[in-house]
Amino acid sequence: MTEVAQRKALALGLERLNENMRNLAELSELAIRKAIDSLQHVSETEAREVFDVDNAMYELQFVIERNCVDLIALHAPVARDLRTITTSLKISTDFDRIGRYSKDIAEISLKVGKESPTLPEKLENLTRMADLTIHMVDTSIRAFVNRDAESVKDIGKFDDAVDDMHDELFLELVKLMENRILRVSQGAEYILVSRYLERIADHAVNVGNRVVYMMTGEQPRHAAPYFKKSGPDGMKDSTSG
Amino acid sequence: MEYQQSNGVHPAKIRAVDVSAYYGSKKAIDSVTLDIPEKTVTAIIGPSGCGKSTFIRCLNRMHEVIPRAKVTGAILLDGEDILVQDPVQLRRRVGMVFQRANPFPTMTIYDNVAAGLRLNGVRDRNILDQRVLRSLKQAALWDEVKDELNSPGMRLSGGQQQRLCIARALAVEPEVLLMDEPCSALDPIATAKIEDLIYDLKKSYTLVVVTHNMQQAARVAEFTAFMYLGRLVEYDRTQKIFENPAEKLTENYITGRFG
């Protein structure tokens, strides 16, 4: 194959990868939005849709991995092409995790929905936390799709706010359970939802940081969500699991 | 300039300062300034006609052999200007391997390797034997030719002939080895052997490799220089050049978006 033909094939492969990545990113945002809707309105239909979206994302992630390996093996990409491929490989896992946590939230919505038809009014902070998390996911996805490193430079600040909300919500939920306003079985589930949202926000930060790397070649280490202080236990890996 | 390496500091072996080269009135290299660190591999890449071969031919004064060719600026080898040195002595210190293997056609394998030594006045058979043995081993050719040292060099395969030429260059114990597209006429297996050889040789020599094959530059070189239209566009660690080049022109060239 001539060099020109090789470059055409690389361009086509990158285009295909980009299209798959865009689909995966959009599906991850759809999953979190539907999961929160299912929690707020206790909608079994929406919860089931999240399961379908999560399955589709799982399959698409493998296709993307194949795309990336083929591009590296066949075209020996360098510079921005290489950064685009390695970024796609890395953040496809972040999108997959967002889908997986959304599925977990949808499962909880089915469980708690049997006890209470709507999200208790006392949990308006959970709704605010969900809104901010969705905003972070949306921002990082737009940054990836639009190749815009500038728009995610402050995403770490939103993550700090989500972390604070998670800590506050934990105390709030414990108090509601102590005062018997919420049953322990319900409260424990909402604590998990808060935890999942906090994790999703971490993945949105990962995506944002990777977009910066993809566009500039610089890795923004200051905003990395890894190994943050977490109470008296000290270090934790905030993106595992 | 000094280059910090994981295994220590490599001072500049060669410094090219504001070097321009001409063929008659045509300027082939325009004010190139770069340091080539000692005991490392430096690759020079760029499209055909960008001046990369001309540049390395300046480093051992081969460029001046061409009628009406001229070099300006300064080229320092260990701090001393090569343009005022005896070219024959200089070429003993700065050897060269060319694109097409060019063993002396009428000579045996042994005589090909010993030719440079004999030109430098070495007549002692023991010394010649030792140097031929060591050079062929350094060039990773000994095991393949040890039983046919008196056969003609031209009988060897293309890849073997290229390694024979490297052995010939190494026999006079140079400090710098210039390679002008050393693998462009070789198949992938012969190419891999030469690349392994380059990897081993950098422990003892300073190597400068001109190549059209960017993956080869990425595989073998610690530093890469990108030249275009006679100018040095970018020179940096190879990882930097291939992962995140500073210049748009470099990025366009290495990713194939060059028009």
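## A tour from chain A to chain B

With 8 C-beta neighbours inside 10 Å, R180(A) counts as exposed, because 12 or fewer is the cut-off for that class. Select R180(A) to begin; keep in mind as you go that the model is predicted. You will find this residue in the loop of chain A that runs between α5 (155-178) and α6 (184-216). Now check its backbone: R180(A) is not a glycine, yet its phi is positive, near 60 degrees. As background, most residues other than glycine have a negative phi.

Next, move over to chain B and select S31(B). Here is another positive phi in a residue that is not a glycine, at about 50 degrees. S31(B) sits in strand β3 of chain B, which covers residues 26-37. Its surroundings hold 15 other C-beta atoms within 10 Å, so S31(B) is partly exposed.

From there, step to S20(B), which has S31(B) among its contacts. S20(B) belongs to strand β2 (residues 8-23) of chain B. Is S20(B) buried, exposed or partly exposed? It counts as partly exposed, because it has 17 C-beta neighbours inside 10 Å and the buried class needs 20 or more.

Keep S20(B) selected and add its partners. Beyond its neighbours within four places in sequence, S20(B) is in contact with K27(B), I29(B), D30(B), S31(B), T72(B) and G73(B).

For the last stop, pick out G73(B) from that set and draw a distance between C-alpha atoms. G73(B) and S20(B) lie 6.4 Å apart in space by that route, with their positions 53 residues apart in sequence numbering.

Terms used
Residues numbered from 1 in each chain as written. Chains lettered and ligands numbered in written order. Predicted model: local features only at pLDDT ≥ 70, side-chain atom pairs only at ≥ 80, totals over all residues. Helix = DSSP H or I, 4+ residues; strand = E, 2+ residues; numbered from the N terminus. Contact = placed C-beta atoms within 7 Å.
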